[in-house]
Structures are given as C-alpha cells and as structure tokens.
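Got your viewer open? Let's take a walk through this one, selecting a few residues at each stop.

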Amino acid sequence: MNKKHNYDLPSINLARKRSLERSPIERELFVIPDECKNIGKGKKYFLRTYGCQANQRDSETIAGILEHLGYEAVDDLNKADLILLNTCAIRKNAEDKVYGELGALKKLKRESPELIIAMGGCMAQEEGAVQEILHKYPQVDLLFGTHNIYNLPKLLFDAVKKHEKVVEVFSRQGEVYENLPTRRFLKHKAWVNIAYGCDKFCTYCIVPYTRGKERSRLLDDIVDEVKTLVKEGYKEVCLLGQNVNAYGRDLNMEHGFATLLAAVAESGIKRLRFMTSHPWNFDDETIAVIAKYPNIMPYIHLPLQSGNDEILKKMNRRYSQKEYLELFDKLKKAIPGCAFTTDIIVGFPNESKEAFNDTLKVVDYCKFDNAFTFIFSPREGTPAYNMEDTISMEEKEERLQILNHKVADYALMHNKRFEGQTVEVLVDGISKRNKEVYSGYTPENKLVNFTGRQVEIGSLVKVKINSAMSFSLNGELVEE
Ligand code: SAH
Ligand code: SF4
Ligand code: F3S
C-alpha cells in the first residue's frame, strides 16, 4: 500500500529568508473549529519542555490551547492520553535527550496504541531532525513547528480522530499572535514575550532558522499584559526576546527597548527582569533606565561567547573584546551592585590556544557572577557547520574544565560577599531536596535556600545569609 502523505516539511532555505515587511499581528478571537471542540474531554495530557524561556512560554500557550480543548494536565506520563514534547535544537546534546525520551516512549505506545505522541518546538523546525523522526521514530503521531502552535486544535483532531500521522511545520518568518489562550505555570512570576525570532545570524546558531524573523509586539500590548499580571498578584515579570535590545527596530521605534522598559517599570510590578541582552545594541538610554528604576533588578545576562576578536568575527557577533569590556564597565559603573552572568562557547572551529586564553582573560577581568559554558556543537544549515575544525574534542573538553573552574571560583567570590547580610527573597517554593527548606531568588538572581517558619510561595521575605556556595546561598528567615 502506498499511502500518499500530505506533510508540510521544514526547509532551511526558506527559514533563512528575511523581508523588510512588518510582521502581521493576529488579533482575531481564537476560535476552535466545531469538529475539534471537546476532543480532549475526559483526557489527560503530559507536557515536557526542553530549552530556553521562549519554549517555556510557548508551552504555556500549548497548555492553554489543550485545556481549551478539554484536556487536563498530569504529572505522570503513564496516565496520559497525549504526550507532548516541546523540544530544543540549540546543541546536539539537547536533541539527544529528546531522541532518548522518544525511544523510551516506544514501549508505552506499543502498550496503548491510542496514546498520541506529539512533538513541537525548535527540533520540529529542523529539516534533518524531522527526516530522522519520520524514518526512525514511527511512534511520533504529530509533528508541529514553532509557527504552527495556533493550529494545534485541527492538527490534534487529525491525529486523534482520523488516525493520521500529521506533520505541519512552516518555515516562515512568522507573525505576532495576540489572541492565543495561556495557562501560566506559576502564580508569582511570569514570562512576557516582547519580541520573537532573531535576525542576528550568529554563525553557530540555529535559532534564527527555528524561530523566524525578529518581530516585536506593540508596546501597548506588552504594557497591558504586565498591568493585568500586576492586578492578578504577580510579583515578577521577565521580558523575553532573543535580543531584547533590538526591541522595536522592526516597528521603527527609536530606543525601543529603553522606552518599553521604562513603561513596564511604571506598571507597578515589584520585580522586573529581561533576557537576553545582546552586547551589540545595548544603548546608553537603556542603561539609564535600568539605573533609574529600583524595580528593575540589578542583574544582567550579557553573553560573551568568546573573548577573541578573530573568533568573534567568525561567529558574526558584531563586537570586539574591547567593545564588550567598554560596555561591561559602563554597566558596572551605572548600576552599583549589579550581578553579571554570561554565555561562553569553547572550541569554536579552529579556536587556537591563544584565542581561548583571550576568553579566560575577559573572564578574569569581568569576574562574572556565573557563566553558562558550552562546547561548540555543529548545527546543520548554519555557516559554522561547514567551517574547518582541527581542534580535538579532548582539547575542547579540557578547555571547558579550565573555564568552569575559573567560573566557579568567581561565582563563590561573589556569593561570599552576601555572608552575614540580609537579602530580599521572592519565595519560589519548597526545595526539591528537603521539605523543611524553602528556595527563592534575590534581586541579583542568586538562588537562596532558607529555613524558618512556613512562608507563602510568591511572598517577598527577608533572609539572613549564613553561608555561601558557588551557585547558591544558605540562610535563615528574618522576622520583621
Ligand atoms: N539569544 C541569546 C542566546 C540563545 S542560545 C543570545 O544571543 O545571547 C543560548 C546560548 O547557547 C548562546 O548564548 C550560546 O552560548 C549557546 N549556543 C548557541 N548555539 C550553540 C552551538 N551551536 N554550540 C554551542 N553553544 C551554542
Ligand atoms: Fe542565536 Fe546569535 Fe540570535 Fe542569540 S543573537 S539567538 S546566539 S543568532
Ligand atoms: Fe532551544 Fe529553540 Fe530556545 S533551539 S534554546 S528552544 S529558541
């Protein structure tokens, strides 16, 4: 039997295209087609999210849609009628986790053929990964891309009621959706998208292909969302974009991010954060706004990637070591007590020992509060995938170790300054390891574990720090 498939497959060539046109904004009411209504009634879904905050936020939309269809969330995947993986493609190890999970789900699918296994997110946007899944993982019933979330009701209907394998992945620049339902996972902290996609095309990175064009939401839509969150009792908002500093450029706004940040800071939210800042378009206006508002948290994630000019150029990062350091100094001076974290890639193609040492020099200069460090992972379709690389994996691993030791030393040094001090903590919940211990974050984004009486999740409390470790602080609740 030769069944003809009607698949919409991703294309890396299409995903690379960028137009100058403004992205469409979808505002019409989200309507579920009649035939799809109640397809989840009496059924349970299990949703697992990999990758960055953009994916976490997408998962809240996916959950919102599923609950509109009648599905109910479960924590145990053995009890689910629908298992949905929202995947990440940033590095090979992120993908391997998903392949491992899919392998483990094969047995479950064999035991209950009615189970629907769905996969969305950035892996679904990759040509190679989708081919691999179609050929080697027949247990996957539904593949949908990051631009196809809005169509989940129809896609699920086809998979559930028509028993078809469904693949819908558009490789387009994308739109701005203002109409999709959301089920937020937390009641005290919220992610708020300010811009989608990325136009930077760093040569190692898959994100511009999996997420489409850089497109900003309108300022009023963002401010309204934050005001609603404040009314609902949210204490913290984190503004999300692959490059928050590029906010508003597609809307012809001048100093878009500075303007937005000030407007959101005025909304009355207790704690305001943002992620991620690309060093390239971090303007003085933004620095002034961060310095001005006490509810903008003194914490900046400023990805370095490499400290060597030649490598930075090959990465297409658009700044030099000198420019990065100048920006760092400016921020440090303008925002006293500010904590800085960064991302670093070691072993970019043909990174020499000297080039790696330049990265170490920058780490010694900036003494980051923490750094997320990665070994370069070649991503098919990106320019760096084809770059010549004669550095062995052994050498790369050794460099990662050296870097990680340095990072941990500086992290501890920073945390030590909190010993004996009383800090403000936004309570996230009870620690996973010990039920007597609560955890939460300081304004500088330091993880604090503390003991004392019972406190409410989402409350702001004072904690006296007794001891510091590299990546967390321990303390005791202070009664006020
Ligand atoms: N938009 C953010 C980064 C998102 S990806 C920014 O520009 O800062 C998060 C981090 O993953 C990147 O900062 C980079 O350090 C790392 N990363 C991205 N692609 C990678 C690759 N191919 N191999 C290794 N690390 C990578
Ligand atoms: Fe990737 Fe660079 Fe865009 Fe960040 S700025 S998402 S690293 S291409
Ligand atoms: Fe991963 Fe996609 Fe985010 S590749 S890091 S989930 S944008």
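## Stop one: the ring pairs

Counting rings whose centres lie within 6.5 Å, there are 10 aromatic pairs in this predicted model. Start by selecting Phe257 and Phe274. Their ring centres are 5.5 Å apart and the planes meet at 75°, so this pair is edge-to-face. Now switch on the cartoon: Phe257 belongs to helix α8 (residues 256-265), while Phe274 is part of strand β13 (residues 271-275), so the pair ties together parts that are 17 residues apart in sequence. Are these two buried or exposed? Both Phe257 and Phe274 are buried.

Next, pick Tyr438 and Phe450. Here the ring centres are 5.8 Å apart with planes at 25°, so the pair counts as stacked. Tyr438 is in strand β18 (residues 438-441) and Phe450 in strand β19 (residues 447-451), so this pair ties together parts 12 residues apart in sequence. Tyr438 has 8% relative accessibility and counts as buried. Phe450 is buried too, with a relative accessible area of 1%.

One more set of rings: select Tyr204, Phe348 and Phe376, which ring pairs link into a cluster. Keep Tyr204 in mind for a later stop.

## Stop two: charges over rings

Show Arg91 together with Phe374. Arg91 lies over the face of the Phe374 ring, 3.7 Å from the ring centre. Then go to Trp280: the charged end of Arg318 sits over its ring, at 4.8 Å from the centre.

## Stop three: ligand 2

Select ligand 2 and show what surrounds it. Which residues are around ligand 2? You should find Cys198, Lys200, Phe201, Cys202, Tyr204, Cys205, Val207, Pro208, Gln242, Asn243, His278 and Arg317. Tyr204, from the ring cluster, turns up here among the residues around the ligand. Colour the shell by class and you get seven nonpolar, three polar and two charged residues.

## Stop four: Asn193

Finish at Asn193, which you'll find in strand β9 (residues 189-193). Asn193 is buried, with a relative accessible area of 9%. What does Asn193 touch, leaving out residues up to four places away in sequence? The contacts are Arg57, Arg217, Ile222 and Leu240. Now add Gly241 and draw a C-alpha to C-alpha distance from Asn193: the two are 6.3 Å apart in space and 48 residues apart in sequence.

How values were computed: Residues numbered from 1 in each chain as written. Chains lettered and ligands numbered in written order. Predicted model: local features only at pLDDT ≥ 70, side-chain atom pairs only at ≥ 80, totals over all residues. Heavy atoms only, no water. Phe/Tyr/Trp six-rings, centres within 6.5 Å; stacked < 30°, edge-to-face > 60°. Helix = DSSP H or I, 4+ residues; strand = E, 2+ residues; numbered from the N terminus. Buried < 20%, exposed > 50% of the residue type's maximum accessible area, 1.4 Å probe, protein only. Lys NZ or Arg CZ within 6 Å of the ring centre and 35° of its normal. Near = heavy atom within 4 Å. Nonpolar A, V, L, I, M, F, W, Y, C, P; charged D, E, K, R; others polar. Contact = heavy atoms within 4.5 Å.
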